[in-house]
Amino acid sequence: MSADPVAEALAALAQGSAAQALALLRGAGAAIADHPLALQAWSVALEGENETAASLALAERAARIAPSDAQAHFNWAVQLQAMNDLPAAMARYAQALRLIPDHLGALNNLSDLYRRNGRSAEGYALMQRFLASGGASAGQEIRLAKLALDTHRLEEAERWFSAAAKADPANPLIAFEHAMLLLLREDWARGWAGYEARSALYGPGGLAMANYPLPAWDGRSPGHVLIHREQGLGDTMMFAAAIPDMIAEGITPHIAQAPSLYRLFAESFPGAHVWSSITVIGVDQQPEQPFLRVCGPLDAQAPVCSLGALRMGGGPPPPRPYLRAPAHEIPLWKERMEALAPRLVGKRRVGLCFAARRPAVQANGAVNGELKSIPGASLNQLANVPHTQWFSLHDSSTAPLLADGPSLDIVDLSPWITDFADTAAAIAHLDLVITVDTAIAHLAGGGLGAPTWLLLRRNADWRWGVDREDAVWYPQMRVFRQTTDGDWAPVVAAVARALSWSSGRRRSS
């Protein structure tokens, strides 16, 4: 046996030889069973062998044997993060920082996890500690830019994005993330150009986008142009604002979109051909698109979110309703809603959507969906608003969350909502829609032009601007924003006050 197998194993790891390190450690046998540094080295060496479970077990054992060893907690956190147990990983990184407050690896990694889990203010503070403790900014520019952007330090974000682009000018991640800042600042032309980097960054599978063997549309040429689905349903409805002008210019759009949008779009765009299209997140080979067999010749194609770069270089189109419910559905929904809750004199009908779906279009889709949603129990203040009839605009996917807000007397419409045409017909019989940042916001406040109040998380999406009380895309919309990440109570209280005030005003007028 080697005189010091642990030291030799560490040297082997430093030279990139995990196999040699493993041989040395295994040869040492029981002599290193309780040696924290040996266990950590063994854990790291097993990473290269794809032995994740064994690597995690060794890292945990090392930290439990040496609870005051910050590096042991750090290595354990790295293994937990690799296993996607992010809450446990964050706890271990935090413990490493309690022991060594300037542990650069823990500052760096925990900052990133905080940012990706909606705790950007804490992530920003950790990266400031990282830099103050001697951490190098080289290679961290994009992280620093994102944290500055998320915490509304826009000039600082611009400086870091410029540094990131200088260090790695061909990186599509930098172009795409910089576009979020540019669009937030309403620098439309440059923002849309950077937004086009999403295809190179995520690939068709990451955007739920089918590949079509057609030329890319230039945004102006007439003919039969395929506008096909990508990303989320709200994105689709927002960018669909460009379609009426396309039709007016003599372009024939073929709109291939999710089945839940088919009836709504067919009614709203009679000058277009609307097709139902199913695509899947995270796969390179998308399902066959049957509409291609019957749609006839197509001249060009564009994913729907590219209508920004192609048609909206000067910003959003003038505000106007551009979506409508099927005409025959509107009286049916009137009868249905009267049967469920007859309209009462002096009472408003208010539609509510307090939870977003958890899409997997991007790696953080589920996290963002949760951060945009309001826990049902936080809605209790709305139960005391007078002269209000509440109607849920949730479909079957999120309707079970209604059970979390039992104090709110709300009519559940989900058994009858099968698609967005149904939702649009229901909205036609409401006086107001209150919603979080989800597809309902784009349908009600944008496409339908209905009175809409939007409830936003602190670090909201670029399309809602910074600290505005209206929305640049939908100027008639009223916006209520968090002032602290994750704290919905003041937002709900402000909505309750505004509802109570408007109710009293209506009754006195």
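Start your tour at the beginning of helix α11, where a side-chain oxygen of asparagine 171 comes to within 2.9 Å of the backbone nitrogen of leucine 173. Keep in mind as you look around that this is a predicted model.

**Stop 1: along helix α11**

Now select residues 172–184, the 13 residues of α11. From the first C-alpha to the last, the helix reaches 19 Å, close to the 18 Å expected at 1.5 Å a residue. Is α11 mostly covered, or mostly open? It is mostly covered, with 10 of its 13 residues buried. To see them, pick out Ile174 and Phe176, then Glu177, His178, Ala179, Met180, Leu181, Leu182, Leu183 and Leu184.

Which elements do these buried residues pack against? Show α9 (141–150) and α10 (154–167), then add α12 (188–195) and α13 (198–206): these are the packing partners of the buried residues of α11. Before you leave, click on glutamate 186, which follows α11 and has a positive phi, near 65°.

**Stop 2: the largest cavity**

Next, turn to the enclosed spaces. How many cavities of 30 Å³ or more does the structure hold? There are two, and the largest contains about 60 Å³ of space. Select its lining: Leu352, Cys353, Phe354, Ile374, Leu379, Leu382, Ile434, Thr435, Val436, Leu455, Val492 and Val495. Colour β5 (348–353), β8 (432–436) and α22 (489–508), the elements that each give two or more residues to this lining. The largest share, three residues, comes from β8. By class, the lining has 11 nonpolar residues, one polar residue and no charged ones.

**Stop 3: the second largest cavity**

Keep Phe354 and Leu379 selected, as both line the largest cavity and also appear in the lining of the second largest cavity. Add Gly376, Leu402, Gly405, Leu408 and Ile410 to complete the lining of the second largest cavity. This cavity has a volume of about 40 Å³. Its lining divides into five nonpolar residues and two polar ones, with no charged residues.

**Stop 4: the second largest pocket**

Finish at the second largest pocket, which holds about 270 Å³ of space. Which residues lie closest to its centre? Select Glu370, Leu371, Ser373, Pro375 and Trp488, the closest of the 20 residues that line this pocket. Colour the lining by class and you will find seven nonpolar, seven polar and six charged residues. For contrast, look back at the two cavities: the lining of the largest has no charged residues, and neither does that of the second largest.

Key. Residues are numbered from 1 along each chain as its sequence is written. This is a predicted model: local features need pLDDT of at least 70, side-chain atom pairs count only at pLDDT 80 or more; totals for chains, interfaces and linings use all residues. Side-chain values use heavy atoms; hydrogens and water are left out. On a 1 Å grid over the protein atoms alone, a cavity is a set of points where a 1.4 Å probe fits but cannot get out, and a pocket is an open set with protein on both sides within 12 Å along at least five of seven lines; lining residues have an atom within 4 Å of a point. Grid points are joined across faces, edges and corners, and a volume is the space filled by probe spheres set on the points. Helices (H or I, at least four residues) and strands (E, at least two) are DSSP runs, numbered from the N terminus. Ala, Val, Leu, Ile, Met, Phe, Trp, Tyr, Cys and Pro count as nonpolar, Asp, Glu, Lys and Arg as charged, and the others, Gly among them, as polar. The expected span of a helix is 1.5 Å times one less than its number of residues. Buried means under 20% relative accessible area, exposed over 50%, partly exposed in between (1.4 Å probe, protein chains only). Contact means heavy atoms within 4.5 Å. A polar contact is a pair of N or O atoms within 3.5 Å; within protein, one must be able to donate a hydrogen and the other to accept it, and residues adjacent in sequence count only if both atoms are side-chain atoms.
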